Amino acid sequence: MIYALGSDNLSSSSGNTVSITDVAGRTVQVPAQVNKVVGTGCSAREIVYLNASDKLVGIEQIETNSTGGWGNQLPYIIAHPELMKLPVVGNAKTDTVNYEKIAELKPDVVFAGTAEQADEIQSKTGIPTLVAYVGAVGTSDQMNTYKDSLKMMGKVLGKEDRAEELTGYIDSTQEDLAKRTSNINSNKTVYLAGQAFYGTHGITSTNPYYPPFVMLNASNVAGGINNTNATIHAIQIDKEQLINWNPDFIFVEGGSIATIENDTAKNPEYQNITAIKNGDVYGVLTYCLYSYNKDEMFANAYYIGKVLYPEQFKDVDPEKKAAEIFTEFDVGNGESVYSTLKTQYGGFKQLNL
């Protein structure tokens with residue numbers, strides 16, 4: 001579900017509190033000055049994006065490096081490893097929240113991923129809780145909701161200027177990608193393999209609304225799949241469908257490479273797909289890992305653009321561009337973030353399937 005949030009109903013003041021309308025349309029009184037915050041439902045990512053990591057007093061289990069944690073795979077945590085020392089307040093992967101720990105930490109406000117979760121946290125802890133949008137941004141409505149959500153969070157966190165800066169960077173990046181590809185007349189077809197969702201998947205897991213393809217005006221062979229779920233998370237297709245689509249280029253999410261190599265080894269019929277036959281298979285960063293990493297999404301768009309349209313992206317070094325993007329979003333050392341991700345999954349590279 002995409003929630004509507006207008007900039008004209010963000011807040012009104014009353015003494016030491018501010019009335020905030022969140023992305024679920026809930027109006028909540030929050031302290032005018034917020035110094036301590038918790039992000040459940042994968043919303044800590046956006047708190048970091050807004051340069052408010054110093055206000056975080058708790059993280060979720062997956063954001064740690066303990067058993068089952070993915071801290072060293074999440075760009076915003078790689079940029080701020082000190083966050084992994086914070087107490088654990090829940091786990092969005094299993095939809096669990098430690099209400100007692102949140103109450104003990106006494107944050108001024110909590111951000112949550114859904115209205116149901118926000119109501120439950122607020123009811124059980126008495127702490128003001130707001131719904132943030134942390135989901136997919138493959139449609140213009142989703143992207144607009146996301147940017148409005150960032151502005152709402154910025155208002156709460158005292159980071160309004162930062163929210164404007166970040167949403168402006170998002171706009172300018174989209175405009176740059178559109179400008180580079182607006183006049184391209186190409187019949188090249190593309191396919192995303194191994195779209196992650198609640199874990200990694202094989203070659204038949206894809207995304208009809210994969211944002212880098214949308215922003216590059218690329219012809220996604222899965223784009224004809226049109227249902228509500230397709231805009232929200234990964235879609236599973238039949239093996240025969242992929243073979244029939246016969247894409248010219250395949251891009252593989254980094255976390256799924258090993259699984260996909262196993263897929264193609266066990267199913268030699270995949271070798272007849274044009275992309276695999278011609279060696280046009282490329283590894284990209286994992287856009288969907290513990291919800292959606294918008295920094296990796298934009299970094300992938302520049303790399304994919306370079307692969308598909310080298311002339312239009314001749315001035316772009318994808319790895320340097322990725323470092324710039326990580327620095328902008330995660331307010332940390334972007335080169336270190338990309339280097340860490342590259343060490344884990346190979347970064348941007350051609351694959352041999």
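User: Before we dig in, what makes two strands count as a pair?
Analyst: Two strands pair if DSSP finds at least two bridges between them. One thing to keep in mind is that this is a predicted model.

User: Good to know. How many bridges join strand 4 to strand 5?
Analyst: Strand 4 (residues 37-39) is joined to strand 5 by 2 bridges, and they run parallel.

User: And what stands opposite V38 over in strand 5?
Analyst: That would be G58.

User: Nice. What's the strand order of the open sheet?
Analyst: The order is 5-4-8-9, so to speak an open sheet of 4 strands with parallel pairing. Strand 5 (56-58) and strand 9 (129-131) stand at the edges; each has a single partner strand, so one side of each has no neighbour in the sheet. On average, neighbouring strands are turned by 35 degrees against each other, direction ignored.

User: Which strands does helix 4 touch?
Analyst: Helix 4 (residues 115-125) packs on the sheet and touches strand 8 (109-112) and strand 9, with its direction at about 180 degrees to that of strand 9. Helix 5 (residues 140-157) lies across strand 4, strand 8 and strand 9, and runs at about 165 degrees to strand 8.

User: Switching topic: at what angle do helix 6 and helix 11 cross?
Analyst: The axes of helix 6 (residues 160-181) and helix 11 (residues 294-308) cross at roughly 20 degrees and come within 11 Å. The two helices are therefore roughly parallel to each other, and their crossing is left-handed.

User: Which residues meet there?
Analyst: From helix 6, I170, T173, Q174, D176, L177 and R180 meet F298, A301 and Y302 in helix 11. The contact residues divide into 5 nonpolar, 2 polar and 2 charged.

Notes
Residues are numbered from 1 along each chain as its sequence is written. This is a predicted model: local features need pLDDT of at least 70, side-chain atom pairs count only at pLDDT 80 or more; totals for chains, interfaces and linings use all residues. Side-chain values use heavy atoms; hydrogens and water are left out. Axes are lines fitted to C-alpha atoms, for helices over the stretch in contact, and angles run from 0 to 180 degrees between N-to-C directions. Angles under 35 degrees count as roughly parallel, over 145 as roughly antiparallel, 65 to 115 as roughly perpendicular and the rest as oblique. A crossing is left-handed if the near helix is turned anticlockwise from the far one by less than a right angle, and right-handed if clockwise. Contact means heavy atoms within 4.5 Å. Ala, Val, Leu, Ile, Met, Phe, Trp, Tyr, Cys and Pro count as nonpolar, Asp, Glu, Lys and Arg as charged, and the others, Gly among them, as polar.
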